[in-house]
Amino acid sequence: SHTHQIGQVGDDFGNSDQEAAPEEVTWNRSAHQDANVRSEMPELNFFAHPRIDKATLGNVYHVSEYCQEIHSNMLTTESKWNPNPTYMANQEKIEETIRSTLVDWLIQIHYNFKLLPESLFLTVNVIEDILASIKFQKGGSAIGIAALLIVTKYEEIYPPILKDFIYITENEYTAEEILDMEKKILFALDFDLNLCSSFRFL
């Protein structure tokens, strides 16, 4: 079955040893605070906004005047959490091929559970951050399952429960082992899941 195949894949590796930047828009927020100076508030130049917001400039529900700040905050958050590109070199027991197989396996689980796209992207971000900060001797699939468990609690309205993750790995890990890995990941991230994945820029 499809579920059996996913679990089998987990066993296989689990046991294996630019465009130019747009001009900034200056927006005088003090004009909103005093009704007497509303007439002095500068007009908003819609065409000066980033091209990512071009399709919704006329829609008041998209609060286009805040687009520049939101985009800037996303870039700042992304740069804060970007791992060292060579972080896999610090892992002695987990090779790059294992990481690649892990992500492929999580994509299958993500599809099987019908999760949100944000959950998949954020899970990969969490895995990269944890591999960059902790040296593991084994347990590639345990890292992936624990990361997905954490992220689904954060992103999903109805996340899969713990026994679903145990079942999908065909009981390769106990509930205690998964929860222990979850605790290690959360402590390493300082319980901060405010990551900005590449999905937000798509």
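Helices here are DSSP runs of at least four residues, numbered from the N terminus. By that count, Asn-171 lies in the loop between H7 and H8. The model described here is predicted.

## Overall make-up

The protein has eight helices and zero strands. Read along the sequence, the pattern is α-α-α-α-α-α-α-α. The protein has 202 residues, and 39% of them are buried.

## The nonpolar core

In soluble globular proteins, nonpolar side chains tend to be buried together. The largest nonpolar core in this model has 36 residues. Val-126, Leu-131 and Ile-185 have the most contacts inside this core. Five helices each supply at least two of its residues: H4 (96-113), H5 (117-133), H6 (140-155), H7 (162-168) and H8 (175-188). H6 gives the most, with nine residues.

Take Val-126 as a way in. Leaving aside neighbours within four places in sequence, Val-126 is in contact with Ala-147, Val-151, Ile-185, Leu-189, Leu-193 and Leu-195.

## Three helices by length

The table sets the expected span of each helix, at 1.5 Å a residue, beside the distance between its end C-alpha atoms.

| Helix | Residues | Expected span | End-to-end C-alpha distance |
|---|---|---|---|
| H4 | 18 residues | 26 Å | 26 Å |
| H6 | 16 residues | 22 Å | 23 Å |
| H8 | 14 residues | 20 Å | 20 Å |

The distance agrees with the expected span for H4, for H6 and for H8.

## H6: largely enclosed

How many of the 16 residues of H6 are buried? The count is 13, so H6 is largely enclosed by the rest of the structure.

## H4: one buried side

An α-helix has 3.6 residues a turn, so residues three or four places apart point the same way. H4 can be read with that in mind. Its buried residues are Ile-98, Arg-99, Leu-102, Val-103, Trp-105, Leu-106, Ile-109 and His-110. They cover an arc of only 170° around the axis, which puts them on the same side of H4. Thr-97 and Tyr-111 are exposed on the other side of H4.

## H8: one buried face

In H8, the buried residues are Ile-178, Met-181, Glu-182, Ile-185 and Leu-186. Seen down the axis, they fall within an arc of 135°, so they line one face of the helix. Which residues are exposed on the face of H8 turned away from its buried side? That face carries Glu-176 and Phe-187. The buried residues of H8 pack against H5, H6 and H7.

The packing of H5 on H8 can be described further. These two helices pack at an angle of about 80°, with their axes 10 Å apart. That makes H5 roughly perpendicular to H8, because angles of 65 to 115 degrees count as such. On the H5 side, Val-126, Ile-130 and Ser-133 take part. They meet Lys-184, Ile-185 and Ala-188 in H8. Ile-185 is also among the residues with the most contacts inside the core.

## Positive phi values

Most residues other than glycine have a negative phi. Some residues in this model depart from that pattern.

Lys-114 has a positive phi near 55°. Lys-114 sits in the loop between H4 and H5, just after H4. With 72% relative accessibility, Lys-114 counts as exposed, because the cut-off for exposed is over 50%.

Asn-171 is not a glycine either, and its phi is positive at about 60°. Its relative accessibility is 60%, so Asn-171 also counts as exposed.

Asp-190 comes just after H8 and takes a positive phi of about 55°.

## Two partly exposed residues

Thr-174 is in the loop between H7 and H8. At 39% relative accessibility, Thr-174 counts as partly exposed. Thr-174 and Lys-163 are 11 residues apart in sequence, and their C-alpha atoms are 9.2 Å apart.

Arg-200 is in the segment after H8. Arg-200 is partly exposed, with a relative accessible area of 45%. Which residues does Arg-200 touch, not counting those up to four places away in sequence? Arg-200 touches Met-74 and Glu-118. Met-74 is 126 residues from Arg-200 along the chain, yet their C-alpha atoms are separated by 8.2 Å.

How values were computed
Residues numbered from 1 in each chain as written. Predicted model: local features only at pLDDT ≥ 70, side-chain atom pairs only at ≥ 80, totals over all residues. Heavy atoms only, no water. Core = buried A, V, L, I, M, F, W, Y, C linked by side-chain atoms within 4.5 Å. Buried < 20%, exposed > 50% of the residue type's maximum accessible area, 1.4 Å probe, protein only. Contact = heavy atoms within 4.5 Å. Expected span 1.5 Å × (residues − 1). Arc of directions from axis to C-beta. Axes fitted to C-alpha atoms, helices over the stretch in contact; angles between N-to-C directions. Parallel < 35°, antiparallel > 145°, perpendicular 65-115°, else oblique.
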